[in-house]
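Q: I have a model open and would like to learn how to read it. Can we go through it together, one feature at a time?

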Amino acid sequence: MAMPRAAADVRLAELLAVMALGADLGMGQPMDHATRQCALALRIGDRVGLNDEARGALYYVSLLAWVGCHVDAYEQAKWFGDDLAMKEGFRHIDPVGIRAVTDTLSLIGPGRGRLDRAGLVLRFFAGGSRDATAMLHNHAYAADQLASTLGLSEVVRASVSDTFERWDGRGAPTGAKGEQIALPARIVNLSDVLAVFHLAGGVDAAIEVAGQRSGTQFDPTLVELVRNDA
């Protein structure tokens, strides 16, 4: 895939890599998170046999996926207090089922008094959950608009928009599931969480979380590929 140019002497690939460093900080991650995620994604892409053009698209999706995650920091802070802590902790949650409800509740209103926090939790379930869903729509929209402005391909834009989808169809913004989700998005979703757990606990921790979320958040075929070639 030919590398577009952002300016006469700067490749767009390089510009996005720098932007990704800022996005890392805005998500409460180390400043090499997106770089490590991108490296993992490209290695998985090699294993599934992506050609050069598809690998190029995967590269851009890896670096663009989270750049919209700061557009509604105010709303995030309204419900979750420290929005950086919330975004850092979110990768440790598979947000479906009873366990997910408990984990999500633990993120709402940290540091507040018991009565104040209880009231905030009630308001969240009365309307804040819709705000949380809207945040995912906003993030996907912002990343897609940036991709469009930068002249990136429709494959990249479609994949960026699918970043918050889940294999089981319980994601956002469209609720696409299974192979309806663009392959680069499926790879980036898996690589993102693998990078976090690998940094914290090594290969075993990364493989364990991938297995736990196989068939729910992650494409089980990709999980099996990673497990067999960790």
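A: Sure. Let's begin with a term: a residue counts as buried when its relative accessible area is under 20%, and as exposed when that area is over 50%, with partly exposed in between. In this predicted model, 43% of the 230 residues of the protein count as buried.

Q: And how much surface does the protein expose, and what share of that comes from carbon and sulfur atoms?
A: About 11200 Å² is exposed, and carbon and sulfur atoms supply 57% of that area.

Q: Which helices and strands should I look for, and in what order do they run?
A: Look for ten helices and two strands. Starting at the N terminus, the order is β-β-α-α-α-α-α-α-α-α-α-α.

Q: What share of the contacts links residues 24 or more positions apart?
A: Take the contacts with a separation of 6 or more: 62% of them are between residues 24 or more positions apart.

Q: How do I describe two helices that pack together?
A: You give the angle between their axes and the distance between the axes. Try it on helix α3 (residues 52-64) and helix α9 (residues 183-212): they pack at an angle of about 50 degrees, and their axes are 9 Å apart. An angle from 35 to 65 degrees falls in the oblique range, so α3 is oblique to α9. As for the hand, α3 and α9 cross in a right-handed way.

Q: Which residues make that contact between α3 and α9?
A: On the α3 side, pick out L58, V61 and S62; on the α9 side, P184, I187 and V188. Sorted by type, the residues of this contact of α3 with α9 come to five nonpolar, one polar and no charged.

Q: Now a single residue. Is R47 buried, partly exposed or exposed?
A: Use the cut-offs from the start: R47 has a relative accessible area of 48%, so it is partly exposed. You'll find R47 in helix α2, which covers residues 33-47.

Q: What does R47 touch, leaving out residues up to four places away in sequence?
A: R47 touches L225 and D229. Sequence distance is worth checking here too: R47 and V226 are 179 residues apart along the chain, yet their C-alpha atoms are separated by 8.9 Å.

Q: And N228, is that one buried or exposed?
A: N228 has 58% relative accessibility, so it counts as exposed. N228 belongs to helix α10, residues 220-228. Its C-alpha atom and that of I207 are separated by 9.7 Å, with the two residues 21 apart along the chain.

Notes:
Residues are numbered from 1 along each chain as its sequence is written. This is a predicted model: local features need pLDDT of at least 70, side-chain atom pairs count only at pLDDT 80 or more; totals for chains, interfaces and linings use all residues. Side-chain values use heavy atoms; hydrogens and water are left out. Helices (H or I, at least four residues) and strands (E, at least two) are DSSP runs, numbered from the N terminus. Buried means under 20% relative accessible area, exposed over 50%, partly exposed in between (1.4 Å probe, protein chains only). Contact means heavy atoms within 4.5 Å. Axes are lines fitted to C-alpha atoms, for helices over the stretch in contact, and angles run from 0 to 180 degrees between N-to-C directions. Angles under 35 degrees count as roughly parallel, over 145 as roughly antiparallel, 65 to 115 as roughly perpendicular and the rest as oblique. A crossing is left-handed if the near helix is turned anticlockwise from the far one by less than a right angle, and right-handed if clockwise. Ala, Val, Leu, Ile, Met, Phe, Trp, Tyr, Cys and Pro count as nonpolar, Asp, Glu, Lys and Arg as charged, and the others, Gly among them, as polar. Accessible areas come from the Shrake-Rupley method with a 1.4 Å probe; for residues, only the protein chains shown count as cover.
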